[in-house]
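User: Please take a close look at a single part of this model, and then follow its surroundings outward in one connected account.

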Amino acid sequence: MHEMALCESILDILQEQAKAQRFSRVRTVRLEVGALSCVESEALRFNFEVVTRGSLAEGAGLELIEVAGEAWCLVCAQPVTVGGLLDACPLCGSHQTQVTGGDTLQIKELEVD
Ligand SMILES: [Zn+2]
């Protein structure tokens, strides 16, 4: 259920932004979701709706933009794209990789009133 906690922190950010940028309503939230962030989009959407109920973002659209997972392969000594945390390097098949990106969740853009 970490999607619930994620949605709560998203709402916190929206409320802070609303104060800083003086808007009162959020229409759309565009969220970058890393392929390695272990977030379930369905759970995220559901929790977002629940958490934002009665808030400035009630009924706001949630657009998810998927970001590929990035890792550094120690064998190839170059960056590679991976689809999962436990995936092998697509070039050499080794598991000696370190995740360097695509493991986070980030608000990319807001549409507000
Ligand atoms: Zn490799």
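Analyst: The face of helix 2 that is turned away from its buried side carries the exposed residues Glu42, Phe46 and Glu49. The model is a predicted one, and the description that follows should be read with that in mind. Helix 2 covers residues 41-52, 12 residues in total, and spans 16 Å from its first C-alpha to its last, close to the 16 Å expected at 1.5 Å a residue. On its other side, Leu44, Asn47, Phe48, Val51 and Thr52 are buried. Viewed down the axis of helix 2, these buried residues fall within an arc of 115°, so they line one face of the helix. An α-helix has 3.6 residues a turn, so residues three or four places apart point the same way. The buried residues of helix 2 pack against helix 1 (2-21), strand 1 and strand 2 (61-67).

After helix 2 comes Gly54, with a positive phi near 75°. Ser55 lies in the loop between helix 2 and strand 2, and it counts as buried because its relative accessibility is 15%, where the cut-off for buried is under 20%. The side chain of Ser55 reaches back to the backbone oxygen of Thr52 at 2.6 Å, and Thr52 is itself one of the buried residues of helix 2. Leaving aside neighbours within four places in sequence, Ser55 is in contact with Leu11 and Arg25, and Leu11 is among the buried residues of helix 1.

Helix 1, one of the elements against which helix 2 packs, has 20 residues and reaches 28 Å from its first C-alpha to its last, close to the 28 Å expected at 1.5 Å a residue. Its buried residues are Glu3, Cys7, Ile10, Leu11, Leu14 and Ala18. They cover an arc of only 100° around the axis, which puts them on the same side of helix 1. What covers these buried residues includes strand 1, helix 2 and strand 6 (105-112), whereas the face of helix 1 turned away from its buried side carries the exposed residues Glu16, Lys19 and Ala20. Helix 1 is followed by Arg22, whose phi is positive, near 55°.

Strand 1, which also packs against the buried residues of helix 2, runs over residues 26-34 and contains Arg30. Arg30 counts as buried because its relative accessibility is 16%, and its side chain is joined to that of Glu63 by a polar contact of 2.7 Å. Beyond its neighbours within four places in sequence, Arg30 is in contact with Glu63, Ile65, Gln106, Ile107, Lys108, Glu109 and Glu111.

Further along the chain is a zinc ion, whose protein donors are the SG atoms of Cys73, Cys76, Cys89 and Cys92, lying 2.2 to 2.3 Å from it. The 4 donor atoms subtend angles of 106 to 114° around the zinc ion, which makes the arrangement tetrahedral. In sequence, the donor residues follow the spacing C-x2-C-x12-C-x2-C. Cys76 lies in the loop between strand 3 (69-73) and strand 4 (78-82), and Cys89 in the loop between strand 4 and strand 5 (97-101), so the pair ties together parts that are 13 residues apart in sequence. Cys76 is partly exposed, with a relative accessible area of 25%, whereas Cys89 counts as buried at 3% relative accessibility.

Note on methods. Residues are numbered from 1 along each chain as its sequence is written. This is a predicted model: local features need pLDDT of at least 70, side-chain atom pairs count only at pLDDT 80 or more; totals for chains, interfaces and linings use all residues. Side-chain values use heavy atoms; hydrogens and water are left out. Helices (H or I, at least four residues) and strands (E, at least two) are DSSP runs, numbered from the N terminus. Buried means under 20% relative accessible area, exposed over 50%, partly exposed in between (1.4 Å probe, protein chains only). A polar contact is a pair of N or O atoms within 3.5 Å; within protein, one must be able to donate a hydrogen and the other to accept it, and residues adjacent in sequence count only if both atoms are side-chain atoms. Contact means heavy atoms within 4.5 Å. The expected span of a helix is 1.5 Å times one less than its number of residues. The arc is that of the directions from the helix axis to the C-beta atoms. Donors are N, O and S atoms within 2.8 Å of the metal (3.2 Å for Na, K and Ca); water is not among the atoms, so sites may look incomplete. Four donors count as tetrahedral if all angles lie between 85 and 135 degrees; four count as square planar and six as octahedral if opposite donors are over 155 degrees apart and all others between 65 and 115; anything else is irregular.
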